[in-house]
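Biologist: Could you take me through one part of this model up close? Pick a spot, start from what it touches, and then work outwards to the whole chain.

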Amino acid sequence: MTGADVVLTLDLLGTVTFALNGAMTASRRVRLDIVGVLSLGVITAIGGGLIRDVLLGATPPAAFQHWYYLAAAFAGAAAAWVIARPPRGLHRAIVVLDAIGLSVFCVTGAHKAVELGLQPAPAILLGAITAVGGGTIRDVLVGDVPSVLTSELYAIPALAGAAVAVLAGGSAAAAAPAAVVGAVLCFAIRMLGVRFDLHAPARDPEA
């Protein structure tokens, strides 16, 4: 399997897991019909990539050029509809799915930015935007403050994972291993934040 195959596999994994997470999360917050569940699942799955590709000038976006991205997104969202409104016991699964999607998209987004010639700093930033973009759109559509602004360590793990993917993946041979290591690091930081209720520094609005 080539480095490009590894990155594509990670990208599709992120698409499915974010579609599942997006649809399940939206179902827990508001009452939705099948159109709402599928739409929010797909938006969560491909939204970050759409933002990234538009910012990079890579149009039409990859999700509209390659059928398998939309197929993966619809498959994940449809699976969430079959599960229907998830019981409280599945909350942990939703969190893990979100962490997987975050971890995968931060490295694949950064990898694409590097491929298109961006310098390390903007490539890292675009990796993080790819990771948090879809969930941010979902939260806005259901009337919530985006998770990236409020939840346990969220943007920080994405930035860390993207940084590893960019800085350690300077050659074609190193790109795939760097992407895997970056994704694992992002996932570990995110789950530690959830497990120990860790947050980025915040200002008390009443202070």
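Modeller: Sure, let's start at Arg138. Setting aside residues up to four places away in sequence, Arg138 touches Asn21, Gly22, Thr25, Arg29, Leu40, Thr44 and Ser147. Keep in mind that this is a predicted model. Arg138 sits in helix H6, and helix H6 runs over residues 120-141. Is Arg138 buried or exposed? With a relative accessibility of 3%, Arg138 counts as buried, because the cut-off for buried is anything under 20%.

One of those partners, Leu40, is worth following. Leu40 belongs to helix H2, which spans 34-56. Leu40 is buried too, at a relative accessible area of 8%. Beyond its neighbours within four places in sequence, Leu40 is in contact with Gly22, Ala26, Leu32, Arg138, Leu141 and Val142. Gly22 is therefore a partner of Leu40 and also turns up on the list for Arg138. For a sense of distance, take Leu40 and Val184: they are 144 residues apart in sequence, and their C-alpha atoms are 26 Å apart in space.

Now step back along H6. Ile137 is in that helix as well, but at 30% relative accessibility it counts as partly exposed. What does Ile137 touch, not counting residues up to four places away in sequence? Its partners are Ile43, Gly47 and Ile51. Ile137 and Leu97 are 40 residues apart in sequence and 17 Å apart in space, going C-alpha to C-alpha.

Thr130 is another H6 residue to look at. Thr130 is buried, with a relative accessible area of 2%. Leaving out residues up to four places away in sequence, Thr130 touches Gly48, Gly49, Arg52, Phe105 and Gly109. Between Thr130 and Val42 there are 14 Å, C-alpha to C-alpha, and the two are 88 residues apart in sequence.

From there we can move to the nonpolar core. The largest one has 36 residues, and Leu102, Cys106, Val107 and Ala131 touch the most other members. At least two residues of this core come from each of H1 (3-29), H2 (34-56), H3 (62-65), H4 (67-83), H5 (91-115), H6 (120-141), H8 (155-167) and H9 (172-195). Helix H5 gives the largest share, seven residues. Zoom in on Leu102 and, apart from its neighbours within four places in sequence, you find contacts with Phe18, Ala131, Val132, Tyr154, Pro157, Ala158, Cys186 and Arg190. There is also a second, separate core of seven residues, and Ala23, Met24, Val37 and Ile94 are among them.

Zooming right out, the chain has nine helices and zero strands. In sequence order the pattern reads α-α-α-α-α-α-α-α-α. The radius of gyration is 16 Å, close to the 17 Å that the globule rule gives for 207 residues, so the chain is as compact as a globular protein of that length. The C-alpha trace spans about 45 × 45 × 30 Å along its principal axes. Of the 207 residues, 47% count as buried. If you take contacts between residues at least 6 apart in sequence, 77% of them join residues at least 24 apart.

As for the outside, the accessible surface comes to about 10000 Å², and carbon and sulfur atoms account for 68% of it. On the charge side, there are 12 positive and 12 negative side chains, and the centres of the two sets lie 6 Å apart.

Two backbone details before I stop. Most residues other than glycine have a negative phi, and most peptide bonds are trans. Against that background, the bond joining Thr59 and Pro60 is a cis peptide, with omega at about -10°. Pro60 is in the loop between H2 and H3. Then there's Asp197, a residue other than glycine whose phi is positive, near 55°. You'll find Asp197 in the segment after H9.

Conventions:
Residues are numbered from 1 along each chain as its sequence is written. This is a predicted model: local features need pLDDT of at least 70, side-chain atom pairs count only at pLDDT 80 or more; totals for chains, interfaces and linings use all residues. Side-chain values use heavy atoms; hydrogens and water are left out. A nonpolar core is a set of buried Ala, Val, Leu, Ile, Met, Phe, Trp, Tyr and Cys residues joined through side-chain atoms within 4.5 Å. Buried means under 20% relative accessible area, exposed over 50%, partly exposed in between (1.4 Å probe, protein chains only). Helices (H or I, at least four residues) and strands (E, at least two) are DSSP runs, numbered from the N terminus. Contact means heavy atoms within 4.5 Å. The radius of gyration is taken over C-alpha atoms; the globule rule is 2.2 Å times the number of residues to the power 0.38. Accessible areas come from the Shrake-Rupley method with a 1.4 Å probe; for residues, only the protein chains shown count as cover. Lys and Arg count as positive and Asp and Glu as negative; His and the chain ends are not counted. The place of a charge is taken as NZ of Lys, CZ of Arg, CG of Asp or CD of Glu.
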